[in-house]
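The exercises below ask you to reason from a model to a description of its parts. Work through each task before reading its solution.

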Amino acid sequence: MYRSGLPLLTKVLSFMAVAASIAMEERSVQARMASPSRFGDKAFEWLTLAMALAVVVLIILIGWQLWIGSSVAIKKFGFHFLLTSTWDPVAEQFGALPFIYGTLVSSLIALLIAVPLSIATAAYLTELAPLWIRQPLVSLIEMLAAIPSVILGLWGIFVMIPWLRDYPFPFLKRFLGWTPFFSGPIYGPCMFAGGIIIAVMILPIITSVSREILRSVPDLQREAAYALGATRWEATRIAVLSYAKKGLFGAVILGLGRALGETMAVTMVIGNTPQIAASLFKPGYTLASVIANEFTEATTDIYLQALFEIGLVLFGITILVNLLAQLLLRTIATTSATRAVQ
Amino acid sequence: MHLKRADNHTWRKIKSTLASGIAFVSALLVIAPLGLVFFHLLVNGAGSVNWDFFTKLPAPVGALGGGMVNAIVGSLELLALAGAIGIPIGVLGGVYLAEYGSARINSVLRFLADVLNGIPSITWGVVVYGLVVLRFKGFSAYAGGLALGLIMIPLILRTTEEVVLLVPNGYREAALALGVSRWKTIVHIVMKTASKGIITGILLALARVGGETAPLLFTAFGNRFWNHSLSQPIAALPLQIFTYAISPYDDWHRQAWAGALVLVTGVFCVNVLVRILTRGRTASVV
């Protein structure tokens, strides 16, 4: 044992020496080959790095600019800004509560409508639909995602609102009018209409992200369920949907992020009145739409500062929601899920 | 017992069919808005898309007729400005992620790019207002183009990275083995191979910001006349649609529909073009 130890050691040492010399030689060859254009290589690498770092710079830039733009308002109003509901530019009273309320309620309505529809559609596209129908449906959903917000708003004003006012709203009022949510007069532009139009805006994104998530569920899951005698729906529910729960939650949160920041279409149908009312038939206002409507009208410095602070609040909320969504989507380790985000 | 099991089985089958039916109806409901919007755009807009629409300036308030030629040209100018900012930064940034970055740096940058993509477009309007409009005391085409260009950066960065990663390593190795320097390999071999995908990403980003209204409201601001200098306010098609849609005049509503039809047609044409470009690829890149 001991006798064979020494030769082995020398063998190992000599092997390492050879390996090292090969490595050295390789490096010098590399250096020789790279030397004529090493400057070009370095310069190009640094250039692309600088461009890639733009994403870091941009996030800092947004936060910094919104902070600078609203610093006076933040000092002047403090936390009252978030907790009071008077919005009176003439008296220089600014409280963002009605806008925060409007943003949250309209987004909540949108999620209640969009989430079941999107997830059911995603399940249909990956599990239940006949194969020939899948690709055309996916293309149509991508086209819906491509419709600009302002056009959906235009359609909302002239087609959706008159229809809602004439048919579904009176119906809802007749049967659910005893609840505070569906009471009071029906104007047309209202919180409910805003929620519906946001739902249309976020349907494609939740659907396509959910679809990618369901597609990433391993086939073994399905095979196991079928082997146990599950029907198609049982396999979908037990083996696929519940397996992908976390990712689907991420898709929903991502949709929430889009809903909170949706601007043009909502501005055109929500009624733009800063109030906190239980009835969904009453007009509301959101953070994004107050910026869209009043920014160019802000005549005094403090008014502009208050609007910048609204922007800061919106930025804060959406960045938190998006961080959460990305973390949820990333933990399930699919490159395809994040791809669908765009 | 036997009978009960058979019943149970039928019931489970019925339930499965029912669930498929509900999912099918959901899918129909999801695409219904697309059909409805397109139908109403055609019904309300097609009649007003005429020669005047593409050749005339907006008529004075109260007068009938006029067109949106300044808004169409303005939108194209804004897209050119946005592209000048967004395309180089996005493409080169994407190349860094695919070719150079370490796994850790990449995951951070990718994460931030995805978070940036989720930031409401109106926020960009506010930021650019503070950065450019306040500083240079006026709305301008430059400000509008900058706002749109910044939105494009994370979009293009992510698509470029993905298509560059698809280029087989053998291409890089072959070029390097011939003594071509790294950066020339990347520019002439890798990016050239991926150029179709990169262009696809750029087109999609342009189609996306071409329909944006919110970031232009207080940067480009809109203009009822020709824009003679990029440091002046400029008209844009989505802005004009918005202004006309919320106006009280019927003739303006009519033109808003026409503008919307033109805008949607443009956006869809780009999407179809992209589909043709990426046709035949098994794994769709975007």
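**Exercise 1.** Within what distance do the axes of helix H3 (residues 69-99) of chain B and helix H6 (residues 141-165) of chain B come, and at roughly what angle do they cross?

*Solution.* The model is a predicted one. In it, the axes of H3 and H6 of chain B come within 6 Å and cross at roughly 30 degrees. Angles under 35 degrees count as roughly parallel, and therefore H3(B) is roughly parallel to H6(B). As for its hand, the crossing of H3(B) and H6(B) is right-handed. The residues that make up the contact of H3(B) with H6(B) comprise 21 nonpolar, eight polar and four charged ones.

**Exercise 2.** Describe the secondary structure of chain B, and then decide whether the chain is as condensed as the globule rule would give.

*Solution.* Begin with the elements: chain B has eleven helices and zero strands, so that, read along the sequence, its pattern is α-α-α-α-α-α-α-α-α-α-α. Next, take the radius of gyration of chain B, which is 24 Å, and set it against the 19 Å that the globule rule gives for 286 residues; the value is well over the rule, and chain B is therefore more spread out than a compact globule. Finally, the box filled by the C-alpha atoms of chain B, taken along the principal axes, is roughly 80 × 70 × 35 Å.

**Exercise 3.** What is the mean pLDDT of chain A, and how many contacts beyond near neighbours in sequence does the stretch 335-339 of chain A have?

*Solution.* The mean pLDDT of chain A is 88, with 86% of its residues reaching 70 or more. Over residues 335-339 of chain A, however, the pLDDT is below 50, and this stretch has 14 contacts in the model beyond near neighbours in sequence.

Methods: Residues numbered from 1 in each chain as written. Chains lettered and ligands numbered in written order. Predicted model: local features only at pLDDT ≥ 70, side-chain atom pairs only at ≥ 80, totals over all residues. pLDDT = per-residue confidence, 0-100. Contact = placed C-beta atoms within 7 Å. Axes fitted to C-alpha atoms, helices over the stretch in contact; angles between N-to-C directions. Helix = DSSP H or I, 4+ residues; strand = E, 2+ residues; numbered from the N terminus. Parallel < 35°, antiparallel > 145°, perpendicular 65-115°, else oblique. Left-handed = near helix turned anticlockwise from the far one by under 90°. Nonpolar A, V, L, I, M, F, W, Y, C, P; charged D, E, K, R; others polar. Rg over C-alpha atoms; globule rule 2.2 N^0.38 Å.
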